[in-house]
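This report describes the surroundings of a bound ligand and the arrangement of one helix. The sequence and structure are shown first, and the description follows.

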Amino acid sequence: MNFKLETNHNIVFFTGAGMSAESGVPTYRGSGGIWNEYKWEEYACESAFQKNPNHVLSFHELRRIEALKCKPHSGHLIIKKIQDKYQNTTIITQNIDGMHQRADNQNVIELHGSLWKIRCQADGKKFEDLENGPYANRYCDCGEILRPDIVWFQDMLDEKIIKKTISTISRCLLFISIGTSASVWPAAGFPKLARESGAYCIEINPEKTELSSMYDEVIREKAGKGLELFLRGLLS
Ligand code: NAD
């Protein structure tokens, strides 16, 4: 990095499935990806939920069980360490597994929602749902069945979350993207926004992505090792 970061500067970590893959959380695409085994049309869209809520809820319950079998890795702990020193650090994640929170990472914006939240479609109320038990048959006071607060296929993203994300990225000085192919929109546009807003941009990914050439620096490593190298550079 060719500039000195002050402790009050804004940093953004932008994470995707590759960040959690290192903890053992299955990816959705690619080899071993969940969408090879399950059809999203039957498990991850509003119309599937309307047709058979318990079928969809059981699928998400499985995702929670799988996520709980995994633990945050050294990369999550490095983010925590950086955040302790640089308090204006935000994590913008596409992951829904809550792994950042389990590593005590703060200021986490969950672009695609969370397996650990549920909401009422009728009145918009949201609830934390941290129990490791089946989420089937949970109802709102208004009588509506509650659904996972996740952005499913064909859902719109929450506008407030998008606005907060855009404003956070526009103000950051350092943008570190980890484990995302940046192929899902609008998330795919965020590295470019960071770049255009003047941030120094770093990509940590063992593989080249379509956006790799846009970054100021590329660390061709997995998340844990990549973050270790990044931290070394930051402290030197
Ligand atoms: P993606 O599957 O499109 O891309 C994953 C990227 O991670 C790839 O570029 C790959 O090279 C990289 N990668 C693989 N292993 C890595 C490692 N150990 N360290 C660093 N990078 C590694 O993922 P995406 O861009 O996040 O998009 C997938 C969508 O699916 C997202 O919208 C997300 O909401 C959802 N999803 C969430 C989870 C989760 O919550 N854990 C898991 C899978 C998918």
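A polar contact is a pair of N or O atoms within 3.5 Å. The model discussed here is predicted. In it, the ligand has the following pairs with the protein.

| Ligand atom | Protein partner | Distance |
|---|---|---|
| Nitrogen | N or O atom in the side chain of Asp-97 | 2.7 Å |
| Oxygen | polar backbone atom of Gly-179 | 3.2 Å |
| Nitrogen | polar backbone atom of Gly-18 | 3.4 Å |

Asp-97 thus engages a ligand nitrogen through its side chain, while Gly-179 meets a ligand oxygen through its backbone. The ligand exposes 860 Å² when taken alone, and the protein buries 88% of that area.

The shell around the ligand holds 26 residues, of which Gln-94, Ile-96, Asp-97, Thr-180 and Ser-181 come nearest. By residue class, the shell divides into 12 polar, 9 nonpolar and 5 charged residues. Helix 1, spanning residues 17-21, gives the most to this shell, with 3 residues.

A separate element to consider is helix 6. Helix 6 covers residues 74-85, 12 residues in total. From its first C-alpha to its last it reaches 17 Å, close to the 16 Å expected at 1.5 Å a residue. Which residues of helix 6 are buried? They are Gly-75, His-76, Ile-78, Ile-79, Ile-82 and Gln-83. Viewed down the axis of helix 6, these buried residues fall within an arc of 160°, and therefore they line one face of the helix.

Technical notes. Residues numbered from 1 in each chain as written. Predicted model: local features only at pLDDT ≥ 70, side-chain atom pairs only at ≥ 80, totals over all residues. Heavy atoms only, no water. Near = heavy atom within 4 Å. Polar contact = N/O pair within 3.5 Å; in protein donor to acceptor, adjacent residues only side chain to side chain. Areas by Shrake-Rupley, 256 points an atom, 1.4 Å probe, with all protein chains shown as cover. Helix = DSSP H or I, 4+ residues; strand = E, 2+ residues; numbered from the N terminus. Nonpolar A, V, L, I, M, F, W, Y, C, P; charged D, E, K, R; others polar. Expected span 1.5 Å × (residues − 1). Buried < 20%, exposed > 50% of the residue type's maximum accessible area, 1.4 Å probe, protein only. Arc of directions from axis to C-beta.
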